[in-house]
Structure formats: C-alpha cells, structure tokens
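Colleague: Please take a close look at the pockets of this model, and set them in the context of the elements that surround them. A connected account, moving from the lining to the fold, would be most useful.

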Amino acid sequence: MPGGGTRHLDFDDHTSLDLTGVSTLVLISAGYTEDDQVVGRHAAVLDAAVRDGVDHIVYTSLTTAGDHLGFALAHRATERLVRASGLPWTILRNGLYAELFGGLLMWADGGVESAFGDGALAAVAREDLADAAAAVAANPAPHSGRIYDLVGTPITAGQVADRLGVPHRTIGLGEYRRRLLDETPGLLPFQPPMLASIATGIRHGFLDGATPDLTDLLGRAGRDSLATAVSAASATRPDASLQYSSDTSQS
C-alpha cells in the first residue's frame, strides 16, 4: 500500500488516475506490452493530467537515433499526445541502458557472444537518466518545450569482453533471432522482434551517436557506461555465484 505522501496509480484502472495536486508529472513509459496498449495507457494518464490541473509533463521517451527500433512507435505516438495536450512539456529521449547492453551479452564456452558485431551503442546508466529526470522535474519551467537526447559514451561488446578478460564472438542476426524464439523462455510475443531490432541497430551503427544533453542537465560527467555494462554482464556469468562464494570465503 502507498505510504504517506504517495498514491497508487494503475495505468489499466482509469478510475485510479487521480493527479489532483500534482504540479509536475514525470510520465515513465508503460512498456512491456503491445504498442496500442502502451499508447492507450499514456493517453489515459495525459487525459487525467489535463483534467486534474497538472502544470507540467515530463515524458521519458526513446533516443532520436532509435526511430527505427521495434518499440519506437509507442514513444513517438506518446510524444504527439504530450504536445497536443496543451500542457507545458519536456521530453527526455532516453538512450538505451548500459545495463541492458551488458545483460544482452550471452555467455558460452568461457566467453561472450552477441549479434552486435563491432557496432557501438551510446549507452547510458539508468541512474543518470533518473538523475536527469529529477533535475528537470525540480525546476521544469526552463525546460518547457524542450526535447533532450540523453545518451552516453559509445561502447562495444568487444570492449565489455576485454574488461571481463574473455573473448567476444559475433553471431549472425538470424541465429540471434532463432535463439530468442527457440531458446529463451518467458519472452512475450512482442519482445523477440524488439530485441532483434536493438541488435541490428547496434551492429549497423545507428545507435552510436553522442550528444552533450545528458551532461548539461546533470552538470557533471555521466557514469562510466562501460563499467556499468561490464557489471551487468558479470552478474549473468554462469560461475558468478561460485566466484562470489570463493571470494567471500577468502576474505
């Protein structure tokens, strides 16, 4: 149950969308479902924001370079709704997470595999995106009508593998798609094409561009995206728990 000063809102229960007294609303994308449901959820929240007198909307969207990705449509459709709401707005076009990049590397035969090839991703740590959103929400007026591209330092799967001290092997996009469909239990129907689009985007150099927007909003350098990706990849290493037990027993 919500504690003091908080309230429970359910995207799928429109009667719960009470935004009375909210001055600045940070709308975090409601992913993990099909585009029509995502856009419908966002539309309901924006309708409630207009109805209840919210002063400013901050929406966490997708990096401009991600227009071709399989999950871009819901973000761009929501941006249209935000602009059409009549409320002051700021759009934060978040880059793909460094944690995601590292987590998508697949461990096999003492090394890591990916369909990323030699392509780079301007990956960004999730904590930096949260800090940037908090900075805008704390004083939204100067950011009204602005779109920020929040990406980090480009990194490659090879660099992550080097930090891990293991080889990186590239697999084809067809093999990657086959593994997603045949060997990855628990994925929802829309997720294999979404993940495949990330792989082909990185592989062919569509997601490696950097901008200063993140550091400008933070007033500092972003966190080390390579170190963040390495940590995420290391956490999925098959012997990670055994290594941890060995390390703690020697301390």
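Modeller: Among the elements around the largest pocket, α7 makes the greatest contribution to the lining, supplying 5 residues. The model is a predicted one, and the description that follows should be read in that light.

The volume of the largest pocket is about 1,300 Å³. Its lining comprises 44 residues, and those closest to the centre are Y32, F71, Y97, L100 and M194. By class, 25 of the lining residues are nonpolar, 13 are polar and 6 are charged. Besides α7 (191-203), the elements that each give at least two residues to this lining are the helices α1 (35-52), α2 (72-84), α3 (98-103), α4 (126-138) and α6 (173-182), together with the strands β2 (56-62) and β4 (106-108).

Two of these elements, β2 and β4, lead into the sheets. The strand β2 belongs to an open sheet of 4 strands, ordered β1-β2-β3-β7 and paired in parallel. At the edges of this sheet stand β1 (24-28) and β7 (146-150), each of which pairs on one side only. From one strand to the next, the twist averages 20 degrees. Within the sheet, 6 bridges link β2 to β3 (residues 89-94) in the parallel sense, and V58 stands opposite T90 of β3.

Two helices that contribute to the pocket lining also pack on this sheet. Helix α1 touches β1 and β2, and its direction makes about 175 degrees with that of β1. Helix α4 touches β1, β2, β3 and β7, with a direction at about 170 degrees to that of β3.

Helix α2, another contributor to the lining, can be followed through one of its residues, V82. Because its relative accessibility is 0%, V82 counts as buried. Residues V82 and V58 are 24 positions apart along the chain, and their C-alpha atoms are separated by 8.9 Å. When neighbours within four places in sequence are set aside, the contacts of V82 are L46, I57, Y59 and W89.

The strand β4 belongs to an open sheet of 3 strands, in the order β4-β5-β9 and with mixed pairing. Here β4 and β9 (168-170) are the edge strands; each has a single partner, so one side of each lacks a neighbour in the sheet. The twist in this sheet averages 35 degrees from one strand to the next. Strand β5 (residues 111-114) and β9 run parallel and are joined by 3 bridges, and V112 has H168 in β9 as its bridge partner.

The second largest pocket has a volume of about 190 Å³. A total of 17 residues line this pocket, and nearest its centre are G152, T153, G222, R223 and S225. Helices α8 (213-218) and α9 (225-235) each provide at least two residues of that lining. Its composition by class is 8 nonpolar, 6 polar and 3 charged residues.

Terms used:
Residues numbered from 1 in each chain as written. Predicted model: local features only at pLDDT ≥ 70, side-chain atom pairs only at ≥ 80, totals over all residues. Heavy atoms only, no water. 1 Å grid on protein atoms, 1.4 Å probe; cavity = no way out; pocket = protein on both sides within 12 Å on 5 of 7 lines; lining within 4 Å. Points joined across faces, edges and corners; volume = space filled by probe spheres on them. Nonpolar A, V, L, I, M, F, W, Y, C, P; charged D, E, K, R; others polar. Buried < 20%, exposed > 50% of the residue type's maximum accessible area, 1.4 Å probe, protein only. Contact = heavy atoms within 4.5 Å. Pairing = 2+ DSSP bridges. Axes fitted to C-alpha atoms, helices over the stretch in contact; angles between N-to-C directions.
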